[in-house]
Amino acid sequence: MASYYNRKAAVAYANKWWDSFNPEFPRFQDDCTNFISQCLYAGGAPMRGAPNRGQGWWMIGLNERWSYSWSVAHSLRWYLETSKRGLRATRVNSVEQLQLGDVIFYDFQGDGRIDHSTIVTRIEGGIPYVNAHTSNSADREYSYEDSTAYTPQMTYYFFHIEDEFTL
């Protein structure tokens, strides 16, 4: 059985909730990956792996339980890179390979540890624009060069969400 990623629905969710919080989901101080997970889920990505917090990608009930990959940028990056079924993604080398609803991770220090995640909500002139939580932003150029977190060592991780989810 397969289901499909609805990129428009994921982007619509990102555009609706970029500057507020959906009361049906938990809210975190560092909320970027929780927000990205909600966007992916709104696009039809299937949850799997509950109740083991270290496996799969899932969230159960408001403020109840969730996987590390649901709420931690570094964990979601590893989940997307290694998942063989359900929500899957391919790491790509350039922004030109991204589509609406894809995910960009940021390693601000260039130390291999992911610090932030965003979702692509618009592409103009080959440049992705993203929405994010924590420092809530919408329609921001993906490079984040205007961010106080930007460093010359910053590394980007581009992930193309697979269009079909095998369950």
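What radius of gyration does the protein have, and what would a compact globule with 167 residues have? I looked this up to begin with, bearing in mind that this is a predicted model. The protein comes out at 15 Å, and a compact globule of 167 residues would be near 15 Å, so the two agree.

**Entry: overall build**

I took the extent of the C-alpha trace next: about 40 × 30 × 30 Å along the principal axes. For burial, I got 49% of the 167 residues counted as buried. I then looked at contacts with a separation of 6 or more, and 60% of them join residues 24 or more positions apart.

I noted four helices and 10 strands. Going along the sequence, I wrote the order down as β-α-α-β-β-α-α-β-β-β-β-β-β-β.

**Entry: helix α2**

How many of the 11 residues of α2 are buried? I found nine, so I have this helix down as mostly covered. The buried ones are Cys32, Thr33, Asn34, Phe35, Ile36, Ser37, Gln38, Cys39 and Leu40. Just past the helix I spotted Gly44, with a positive phi of about 100°.

**Entry: cysteines**

Two of those α2 residues are cysteines, Cys32 and Cys39, and I wanted to know about disulfides. My search of the whole structure turned up zero. Why is Cys32 not bonded to Cys39? The Cys39 sulfur is the closest cysteine sulfur to that of Cys32, but it sits 11 Å away, which is too far for a bond. A disulfide would need the sulfurs within 2.5 Å. Coming from the other side, I get the matching result: Cys39 is in no disulfide, and its nearest cysteine sulfur, in Cys32, is 11 Å off.

I checked accessibility for both. Cys32 has a relative accessible area of 6%, so I count it as buried. Cys39 is at 0%, so it counts as buried too.

**Entry: the largest pocket**

Which residues lie nearest the centre of the largest pocket? I listed Cys32, Phe108, Asp115, His116 and Thr134, out of 18 lining residues. I put the volume at about 290 Å³. Sorting the lining by type gave me seven nonpolar, eight polar and three charged residues. Helices α2 (32–42) and α4 (73–82) each contribute at least two residues to that lining.

**Entry: Phe108**

I followed up Phe108, one of the residues nearest the pocket centre. Where is it in the chain? I placed it in the loop between β5 (103–107) and β6 (116–124). Phe108 has a relative accessible area of 11%, so I mark it as buried.

I listed its contacts, leaving out residues up to four places away in sequence: Asp115, His116, Tyr144, Ala149, Thr151, Gln153 and Met154. Of these contacts, Asp115 and His116 also appear among the residues nearest the pocket centre. For Ala149, I noted a sequence gap of 41 residues from Phe108 and a C-alpha to C-alpha distance of 6.5 Å.

**Entry: the cavity**

Last, I looked for enclosed space. Searching the whole structure gave me one cavity of 30 Å³ or more. I have its volume as about 40 Å³. The lining is Trp17, Ser20, Phe21, Asn22, Phe25, Pro26, Arg27, Asp31, Phe35, Gln38 and His133. By type, I counted five nonpolar, four polar and two charged residues there. Phe35 and Gln38 from this lining were already on my list of buried α2 residues.

Key. Residues numbered from 1 in each chain as written. Predicted model: local features only at pLDDT ≥ 70, side-chain atom pairs only at ≥ 80, totals over all residues. Heavy atoms only, no water. 1 Å grid on protein atoms, 1.4 Å probe; cavity = no way out; pocket = protein on both sides within 12 Å on 5 of 7 lines; lining within 4 Å. Points joined across faces, edges and corners; volume = space filled by probe spheres on them. Nonpolar A, V, L, I, M, F, W, Y, C, P; charged D, E, K, R; others polar. Buried < 20%, exposed > 50% of the residue type's maximum accessible area, 1.4 Å probe, protein only. Rg over C-alpha atoms; globule rule 2.2 N^0.38 Å. Contact = heavy atoms within 4.5 Å.
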